[in-house]
Amino acid sequence: MDNGEIPENANEHCPGPNSETAGKSDACEGCPNQEVCATAPKGPDPDLVAIVERMATVKHKILILSGKGGVGKSTFSAQLSFALAAKEFQVGLLDIDICGPSIPKMLGLEGQDIHQSNLGWSPVYVESNLGVMSIGFMLPDPDEAVIWRGPRKNGLIKQFLKDVYWGELDFLVVDAPPGTSDEHISIVQFLQATGIDGAIIVTTPQQVSLIDVRKEVNFCKKVGVPVLGVVENMSGLCQPLTDFRFLRMTETGEHTDVTEKVIKYMREKAPEMVDVIAASEVFDSSGGGAAKMCREMGVPFLGKVPLDPQLCKAAEEGKSCFIDQKCGVSALALKNIIEKLLTNHWREEMAVEQ
């Protein structure tokens, strides 16, 4: 427990040996360190000083949160980072989803290793102005499960914050796991003294997802993190009509692919249909979706991003959706959301960029 580190054999919700409630809270019951923590002298965590010093070169810190997994939070984190870097900002992307690190895949960095210098751990770079840090770079086998209790996860998050040398950054984007667990409490606690610009919360339109997003909004309010806005992701399937496959179902339930015939007929008989975008509601949004929830909870609604197969493909390939016209539907929606964020919260950075 040197330097206030949480021991690996501590209980899951350990308050930390330097906490006033160390050894006394309900979470300490049955912990082998309970007596030591209760009687040890208390004081400020020296690592917090190191974190403040390390973060002094980072202008803006943004948390990306979600109530549930599978809503596209990491995809949004990756594309936000790509977009900011394309605007010539210095960007860092920190993946603190310890048990499900998907950022290395989504940035095209699978198989990369972390290197250490006399300045600390070096991020893995996509471009000279876009660095990434994730536990995914530390696993000898990408299929290996990370089975850690809360204290060990918190220890790694602290190490990322105090030991990674980012250099001068305009933006540090933090991709958090879904929910409101130990990792969220830790990142807020560790960064509080350095200033957090706020959180962007990603959801899908249906009530099953929005129920948990409400909890996420309340979490932010309780810990004093501003909600920069909510993004409704997978807001209907949108893609060019010519990108669809067309099937004819037989009486026995078998499918026959008639795509080639349909596209040929369309080009010959109705060429104006070739450029039509087809849209279909995938998730039920009859309850008003994220926009209604934002009005009710008094937080900004940033916009909708459609479910675009081309965006999914870009994420699988670790590419930016902004580099070509393939993600035309989703890229425009994401661009509008990012421009709104920059205009509403970081006007001074926009001025410098221009």
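This text walks through the empty spaces of a predicted model and then through three of its helix pairs.

Rolling a probe the size of a water molecule over the atoms shows where empty space is left. In this structure, a search of the whole model turns up 3 cavities of 30 Å³ or more, and the largest cavity has a volume of about 80 Å³. Its lining is made up of 14 residues, and those that lie nearest the centre of this cavity are Cys 14, Pro 15, Cys 28, Cys 31 and Cys 37. When the lining of the largest cavity is sorted by class, 10 residues are nonpolar and 4 are polar, while no charged residue takes part.

The open spaces can be followed in a similar way, beginning with the largest pocket, whose volume is about 360 Å³. Around this pocket stand 21 lining residues, with Ile 6, Cys 14, Pro 15, Gly 16 and Gln 189 lying nearest its centre. The elements that contribute two or more residues to the lining of the largest pocket are helix H5, spanning 150-163, and helix H6, spanning 182-191. Of these, H6 supplies the largest share of the lining, namely 5 residues. The lining of the largest pocket divides into 8 nonpolar, 9 polar and 4 charged residues, whereas the lining of the largest cavity holds no charged residues. Cys 14 and Pro 15 appear among the residues nearest the centre of the largest cavity, and they are also listed among those nearest the centre of the largest pocket.

The two helices named for the pocket also pack against each other, for the axes of H5 and H6 come within 9 Å and cross at roughly 35°, and the crossing is right-handed. On the H5 side the contact involves Gly 150, Lys 153, Asn 154, Ile 157, Lys 158 and Leu 161, which meet Asp 182, Glu 183, Ser 186, Ile 187, Phe 190 and Leu 191 of H6. By class, this contact of H5 with H6 contains 5 nonpolar, 3 polar and 4 charged residues.

H6 has a further partner in helix H7, which covers residues 207-223, and the two pack at an angle of about 30° with their axes 11 Å apart. That angle makes H6 roughly parallel to H7, and the crossing in which H6 passes H7 is right-handed. Here His 184, Ile 185 and Val 188 in H6 meet Glu 216, Phe 219 and Val 223 in H7, so that, with the residues sorted by class, the contact of H6 with H7 has 4 nonpolar, 1 polar and 1 charged.

The last pair brings together helix H3, residues 73-86, and helix H11, residues 328-345, whose axes come within 11 Å and cross at roughly 70°. H3 and H11 are therefore roughly perpendicular to each other, and their crossing is right-handed. The contact draws on Phe 76, Gln 79, Leu 80, Ala 83 and Leu 84 of H3, together with Leu 334, Ile 337, Ile 338 and Leu 342 of H11. In the contact of H3 with H11, 8 residues are nonpolar and 1 is polar, and none is charged, while the contact of H5 with H6 includes 4 charged residues.

Technical notes:
Residues are numbered from 1 along each chain as its sequence is written. This is a predicted model: local features need pLDDT of at least 70, side-chain atom pairs count only at pLDDT 80 or more; totals for chains, interfaces and linings use all residues. Side-chain values use heavy atoms; hydrogens and water are left out. On a 1 Å grid over the protein atoms alone, a cavity is a set of points where a 1.4 Å probe fits but cannot get out, and a pocket is an open set with protein on both sides within 12 Å along at least five of seven lines; lining residues have an atom within 4 Å of a point. Grid points are joined across faces, edges and corners, and a volume is the space filled by probe spheres set on the points. Axes are lines fitted to C-alpha atoms, for helices over the stretch in contact, and angles run from 0 to 180 degrees between N-to-C directions. Helices (H or I, at least four residues) and strands (E, at least two) are DSSP runs, numbered from the N terminus. Angles under 35 degrees count as roughly parallel, over 145 as roughly antiparallel, 65 to 115 as roughly perpendicular and the rest as oblique. A crossing is left-handed if the near helix is turned anticlockwise from the far one by less than a right angle, and right-handed if clockwise. Contact means heavy atoms within 4.5 Å.
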